[in-house]
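This report describes a protein model in plain terms. The pocket, the contact between chains, a sheet and the salt bridges are taken in turn.

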Amino acid sequence: MAESFDQLRAEFLAETEDTLQNLQQDLNELGETMDLDTVPDAPIDRVFRTTHSLKGVAGMFGLTRMSAVSHSLESVFECLRRGDVGLDRELLDLLHRGNDVLHALLAAAASGQEGQEVATASSVIAEIDAALASRLPEDHGVNRSVAEALASLDPEEQQSVRRARELGRNLVVVEATFPEEGFETPFRDLLTAIRNWGTVHGTVSGERRPDDSTFLVQLVATGPQEIFSLMKIVGPLGGEVLIDESGVASDPIDEAVDDVPVAAADAGEPDAELMLEAELQELIDGPAFAPAAPERAAPAPTAGAGDAATHRRAGGDRDRTERSGGESGALRASGGKSTRSSTLRVPVERVDRLMTELGDLIQAKLHLDETADSLLETTDRMSRTMLKQSLRSLDRHIRTIQEGILGVRLVGLDPLFQKLERAFRDACRVTGKNARLIARGETTELDKEIVEALTDPLLHLIRNAVDHGLEPEADRRRAGKNPVGTVELSASTEGSFTLIEVSDDGAGIDFDRVLKRGRDRGLLDDDVTPSRRDLLDLLFHPGFTLKDSATEISGRGVGLDAVRDSAAKLGGTIEIADGEVGTVFRLRVPISLAITQALEVETGGQSYLIPLSHVRRALHARPEDLDLTSDDPVFLLDESAIPVRTLTDRPRPEQVRASQPAVLLGLADRRVLLLVDRVGRRREIVVRSLGELLPDVPGVSGCTELGDGRTLLILDPIRLFDPGWQRPVEVGA
Amino acid sequence: MNRPLGGPWITFSCGDTDYALDVFDVLELLPARTATPVPGGTDRLAGITTWRGRTLAVIDWPATLKAERDTPDLRKRMIVVRRPSPFALRVDAPGRIVGAGELEELTMEGGGADREARDQGVRLLRSRHGLVRVLDPRRILGRGSLVVGGEAPREDPE
């Protein structure tokens with residue numbers, strides 16, 4: 001049973017990631033539209049439902065802080081739905097912070113550190129609640145806070161609650177709205193239901209809503225059983241269960257409320273965990289925890305009833321949710337089991353294990369190919385044909401499996417794009433710039449590990465575009481440009497690579513300033529006139545910045561070099577282009593890290609592999625096209641002078657053959673000619689790390705085992721040959 | 001003998017010296033193969049090899065002891081050692097399995113290479129075939145990176 005509970009909890013945590021991503025998406029959407037005359041209802045409704053469901057399910061799993069933050073967010077969105085408050089930037093920022101805290105709480109829960117982030121959660125709850133309270137009219141009739149409900153009890157009732165809390169009872173406030181006429185029967189039903197669960201200590205309000213002739217009633221109750229079981233009881237009766245974990249200091253019973261144990265404490269009480277498991281099982285097998293009450297006459301739909309109705313819509317009105325695997329975890333928990341069969345969550349480690357096995361399978365196949373090659377020379381024609389057919393068939397199956405497993409690891413870029421959108425907004429706020437972000441290609445898919453590794457580099461590029469790329473509004477006006485700047489973020493697939501571009505419509509790179517700063521820092525000689533390309537390279541130099549002083553988001557000189565480092569580690573490249581308008585950064589990374597294609601080269605008696613992503617072409621260089629006499633040896637190709645390198649020492653004229661084997665490498669927008677002793681085969685390889693004992697070998701990105709049993713190093717041309725790279729390495733030395 | 005000997009051990013030779021590793025620290029004895037050199041590798045690192053789909057650093061034990069090094073590019077037998085994380089130890093020839101009853105612990109009092117060995121957790125035992133130096137697998141790798149300019153491997157908790 002315990003294992004089953006853990007599994008369900010793990011599943012909930014995993015699904016909540018999606019929930020929070022959707023929440024982020026909705027908040028972003030609200031941010032985009034809040035300045036319009038009419039703010040769309042759909043995202044507000046969705047967030048309300050999401051936070052409501054999250055509050056309930058998180059509480060059910062004992063994640064009381066997550067439940068409490070969700071509750072605060074839900075309160076805001078309920079007021080937004082009703083039109084009691086309007087959305088403004090400050091409130092939206094707070095909602096974003098609330099979502100950030102939920103992310104942090106989720107991460108803490110996933111790592112078994114539920115105790116962390118408590119102070120942050122309490123702080124954001126207090127801020128959100130205060131912001132909401134300050135926006136609500138004084139005569140606002142809604143009192144959703146448990147703390148306020150408790151404060152409204154008379155001293156005797158408060159004492160009664162306190163005693164119950166000391167016995168470990170769970171504390172709730174059940175809120176329900178009843179029609180003005182004929183409220184007695186449903187109210188009595190609700191009261192009876194709560195009494196079947198525990199003790200009702202007091203009724204708080206009974207206020208009449210000014211807008212719709214209904215009563216809002218709050219009942220303060222405690223009970224030994226799970227709160228979840230109460231939700232199931234009162235949901236059909238129109239009741240909504242409020243749990244307060246906000247720790248609001250003004251609450252008289254706050255100290256007792258804080259750190260509420262989810263399980264019943266008394267000996268002899270029903271085993272809370274067992275009950276919970278049974279109830280969770282019901283989520284899978286049977287009725288949802290917040291069932292709709294469509295048959296019941298309910299003139300004023302409560303939050304609970306409204307939820308159920310809108311949950312049915314949720315699956316259909318939102319492509320993004322469907323694409324990411326159906327409804328979010330919290331929504332799914334309350335929406336029935338129709339979406340369960342469409343997706344399957346698998347721990348990443350299992351996929352990784354499969355990937356490793358696949359690598360071994362491919363390796364075995366390569367061995368088999370080698371063996372077959374020798375056999376083919378000796379066997380008869382019939383056997384040769386059959387062997388070839390078998391090998392082709394095996395190859396096809398392996399490819400299918402390979403594509404399938406690689407496909408499992410692929411994820412869309414949309415969650416990352418949402419983070420970037422948020423960072424963009426923050427950067428605009430900090431810099432005071434007015435700009436819009438246009439995002440394209442967020443459905444592009446690539447390996448989960450690569451997406452994770454891209455987060456920081458892209459965050460940097462986005463902030464960079466706002467801070468460095470876009471001019472202040474006044475400057476734009478003076479230049480006759482649209483005062484609202486534009487940053488474009490796009491992703492597209494190019495063969496086995498993904499190209500991500502971040503561009504801005506700013507003033508472009510100030511080369512004079514780069515030159516001056518480069519000379520001031522001693523990175524450029526005064527008597528040398530660098531090319532524009534050399535100046536662009538300076539931007540990737542560690543510690544180089546054009547800012548005079550560091551700001552909250554940039555100017556510390558830590559950034560573009562780290563971006564290039566990250567790209568190189570992924571086997572990718574980054575290039576910067578000074579376009580007609582603004583600046584463009586192009587980040588090119590492989591879709592998958594595990595299996596790639598490479599070119600074998602031999603030099604100094606050793607064979608190496610160069611990823612094809614860096615190979616423009618293999619060629620035989622004529623000695624007359626090689627100028628190896630100067631300190632900067634070059635190869636003349638198409639009117640260009642291309643730097644010449646070897647893997648050992650500097651190239652020497654006497655070593656050059658009449659037809660010198662070489663590989664033309666592409667390092668982003670630069671080219672380098674690598675002289676080698678022999679250019680070998682193009683190979684499909686399984687990329688392996690150099691092992692735990694060799695975590696970082698400069699100039700080498702990994703290794704692979706060939707079918708003939710040899711282990712070859714895979715070179716990292718960027719780190720070997722890019723002149724901007726700060727760690728020159730002689731591989732063959 | 002001042003402490004339990006443990007064992008049994010697998011013995012192997014490098015040059016004229018016999019060494020031993022606890023059999024529970026040995027994952028496999030590999031047939032002769034050539035290690036792929038790694039750029040910037042220290043003397044201790046003979047290169048890398050692939051074993052059962054994973055990449056192993058190949059440690060040149062005589063070089064680690066700063067003993068005279070044999071020709072480094074010859075195909076050599078290797079012992080796959082379990083701890084701290086699997087690596088291959090290049091040896092001249094694996095020997096045999098010996099039990100505790102066949103060995104007696106001695107105290108190392110010498111300097112030079114013996115001191116180096118003692119510092120690296122080597123225990124000196126005597127069998128009827130001669131002296132055997134028992135290696136502590138956690139200390140074979142020594143400290144610091146195996147590659148010049150590279151990151152050091154994670155320390156293994158004792």
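The second largest pocket of this predicted model has a volume of about 1,400 Å³. A pocket is an open set of points on a 1 Å grid over the protein atoms alone, where a 1.4 Å probe fits and protein lies on both sides within 12 Å along at least five of seven lines; lining residues have an atom within 4 Å of a point. The volume is the space filled by probe spheres set on the points, which are joined across faces, edges and corners. Of the 49 lining residues, L593(A), V687(A), R688(A), S689(A) and S701(A) are the closest to the centre of the second largest pocket. Elements that give two or more residues to this lining include α22 (560-569) of chain A and β5 (54-60) of chain B. Helices (H or I, at least four residues) and strands (E, at least two) are DSSP runs, numbered from the N terminus. The largest share, four residues, comes from α15(A).

| Class of lining residue | Residues |
|---|---|
| Nonpolar (Ala, Val, Leu, Ile, Met, Phe, Trp, Tyr, Cys, Pro) | 22 |
| Polar (the others, Gly among them) | 15 |
| Charged (Asp, Glu, Lys, Arg) | twelve |

Chain B puts 26 residues and chain A 21 residues into their contact (heavy atoms within 4.5 Å). The two chains bury about 1,900 Å² between them, 62% of it on carbon and sulfur atoms. Buried area is the accessible area (1.4 Å probe) lost on putting two parts together, summed over both. P39(B), T50(B) and T55(B) supply 28% of the area that chain B buries against chain A, more than any other three residues.

How many salt bridges cross this interface? The rule (a side-chain nitrogen of Lys or Arg within 4 Å of a carboxyl oxygen of Asp or Glu) finds zero between chain B and chain A. The whole structure has 32 over all chains. One salt bridge joins R46(A) and E29(A), with the closest N and O atoms 3.3 Å apart.

In chain A, an open sheet of six strands with mixed pairing has the order β15-β19-β20-β18-β17-β16. Strands pair if DSSP finds at least two bridges between them. Strands β19 and β20 of chain A run antiparallel, joined by six bridges.

Residues are numbered from 1 along each chain as its sequence is written, and chains are lettered from A and ligands numbered from 1 in the order in which they are written. Local features need pLDDT of at least 70, side-chain atom pairs count only at pLDDT 80 or more, and totals for chains, interfaces and linings use all residues, while side-chain values use heavy atoms, with hydrogens and water left out.
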